[in-house]
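Open the model in your viewer and keep the sequence panel beside it. The tour goes from one selection to the next and says what is found at each stop.

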Amino acid sequence: GRDLGIKLPHLLRRIVEVLPKSGRARLRIGMSNPPFMLDTLDEIAQVLNHPLVFSYLHIPVQSGSNAVLEGMNREYTAEEFRKCANTLLALVPGLELATDIICGFPGETEKDHGETLRLVADYKFPHCHISQFYPRPGTPAARMKRVPTQIVKARTREVSKLVDSFTGAYAPLEGSLQLVSIVEKAADKVHLVGHTNTYAQILIKGEETLIGCMAWVKVRRATRWSAFGDLLDTPLQLDIVANKTETLLQWEKGEKGKEEGKKERKKEDAFGVQVGSPFGGWAGLCDWAGVAARGLLSKADAVDYAIALGLGVGLA
């Protein structure tokens, strides 16, 4: 819409306006290139700081060398990428920045490769998509002199090794309380996949019926590419825009008391929870009682299931 005088932040703000405040739907900005962001970085940062928007952004740089970027016919420089990255990282606390790197573009020298390594090392991207140059038929690059294959492979391995070395990417999450969106079953068929506000992947154990819900999770262990956490017995405030911080503070101040309350609630009959109960806010959104009544869970399991779904809201 730039030809109509409409810029990205305008569209993003309009989308956020119609998102449910419960958080059952959240916005993730997939990717944007520096030329479309440079004049609106402050506004984009405001959107990324919104509770209903993931603090995550994919800005492909492809190379840290201006000579290579010019050869690729990119409409930005390495310095302009750095301006985007530095500004957003300063304005959006905890922002997770992802990027793309292409190794072995025709004409890439060792100096060019070194500039790419320095850029990657400077930002320690939690996620970096690395690929080798592939000549697409009909493009100018397909007619350029190729870098020898063995050199391209060696450079790719070097960038991959550097990215793999950022082992502390998710270490700050350990011990923290995170509000996650549960989106799918993990590849290991054991865990569910949840995403934090910065789109970090948290693996949790729970019923598949939690997919499409949001939940409070205590992160207990972080690895290079994800973290593991446990579902908490903490009812979700239905207006996370207004109450997320309040809920977090309540949990931090009263975790011990909530653990004692959890033991008492497990003694309750799973079918005795009414709309007027402390769990009433989510009763109409996550049909846990219906699942139990249909025999998909035992009565005993339904108690734990009720507690788990007290954390989340179903997708519309």
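## First stop: two helices

Select H4 and H5, which pack with their axes 12 Å apart and at an angle of about 5°. H4 is therefore roughly parallel to H5, since angles under 35 degrees count as roughly parallel. To see the contact itself, show the side chains of Phe-81, Arg-82, Ala-85, Asn-86 and Leu-89 on H4, and of Arg-118, Leu-119, Asp-122 and Tyr-123 on H5. Keep in mind throughout that this is a predicted model.

## The whole chain

Now zoom out and colour by secondary structure: the chain has 10 helices and 8 strands. Of its 316 residues, 46% are buried. The accessible surface of the chain comes to about 16,000 Å², and carbon and sulfur atoms account for 53% of that. Among the contacts in the chain with a separation of 6 or more, 71% are between residues 24 or more positions apart.

## The largest nonpolar core

Which residues have the most contacts inside the largest nonpolar core? Select Met-37, Leu-48, Leu-57, Ile-59, Phe-81, Leu-88 and Phe-125; the core they belong to has 34 residues. At least two residues of this core come from each of helix H1 (8-18), helix H2 (41-48), helix H4 (78-91), S2, helix H5 (110-123) and helix H6 (149-164). H2 gives the most, with 5 residues.

Centre the view on Phe-81, already met in the contact between H4 and H5. Leaving out residues up to four places away in sequence, Phe-81 touches Pro-34, Ile-59, Val-61, Thr-99, Leu-119, Tyr-123 and Phe-125. Apart from the largest core lies another core, of 14 residues, which include Val-180, Ile-182, Val-217 and Val-219. The tour comes back to Val-219 further on.

## Two residues on helices

Go to Asp-42, which is placed in helix H2. Is Asp-42 buried or exposed? Its relative accessible area is 51%, so Asp-42 is exposed, the cut-off for that being over 50%. Add Thr-87 and Leu-91 to the selection: Asp-42 is in contact with both, its neighbours within four places in sequence being left aside. Asp-42 and Leu-91 are 49 residues apart in sequence, yet their C-alpha atoms are 7.7 Å apart in space.

Next select His-113, in helix H5. With a relative accessible area of 3%, His-113 is buried, a word used for values under 20%. Which residues is His-113 in contact with, leaving aside its neighbours within four places in sequence? They are Glu-108, Arg-155, Glu-158 and Val-159.

## A parallel sheet

Hide the helices and turn to the open sheet of 3 strands, ordered S1-S2-S3, where the pairing is parallel. Strand S1 (56-58) and strand S3 (127-132) stand at the edges with a single partner strand each, so one side of each has no neighbour in the sheet. From one strand to the next, the twist averages 15°.

Look along S1 and strand S2 (residues 96-103), which pair in the parallel sense over 3 bridges. One position to pick out is Tyr-56, whose bridge partner in S2 is Glu-96.

## Antiparallel strands

Move on to strand S7 (residues 214-222), which runs antiparallel to strand S4 (residues 177-185) and is joined to S4 by 5 bridges. Select Gln-178 and then Val-217, its bridge partner in S7. S7 is also joined by 5 bridges to strand S8 (residues 227-231), and these two run antiparallel as well. Here Lys-218 has Asp-230 in S8 as its bridge partner. Follow the backbone from S7 to S8 and you pass through a hairpin of 4 residues.

## Last stop: Val-219

Finish at Val-219, in strand S7. Val-219 is buried, its relative accessible area being 1%. Show what surrounds it: not counting residues up to four places away in sequence, Val-219 touches Leu-173, Glu-174, Gly-175, Ser-176, Gln-178, Ile-202, Ala-227, Phe-228 and Gly-229. Then draw a distance from the C-alpha atom of Val-219 to that of Ile-204: the two residues are 15 apart along the chain, and the separation is 9.2 Å.

Conventions
Residues are numbered from 1 along each chain as its sequence is written. This is a predicted model: local features need pLDDT of at least 70, side-chain atom pairs count only at pLDDT 80 or more; totals for chains, interfaces and linings use all residues. Side-chain values use heavy atoms; hydrogens and water are left out. Two strands pair if DSSP finds at least two bridges between them. Axes are lines fitted to C-alpha atoms, for helices over the stretch in contact, and angles run from 0 to 180 degrees between N-to-C directions. Buried means under 20% relative accessible area, exposed over 50%, partly exposed in between (1.4 Å probe, protein chains only). Contact means heavy atoms within 4.5 Å. Accessible areas come from the Shrake-Rupley method with a 1.4 Å probe; for residues, only the protein chains shown count as cover. A nonpolar core is a set of buried Ala, Val, Leu, Ile, Met, Phe, Trp, Tyr and Cys residues joined through side-chain atoms within 4.5 Å. Angles under 35 degrees count as roughly parallel, over 145 as roughly antiparallel, 65 to 115 as roughly perpendicular and the rest as oblique.
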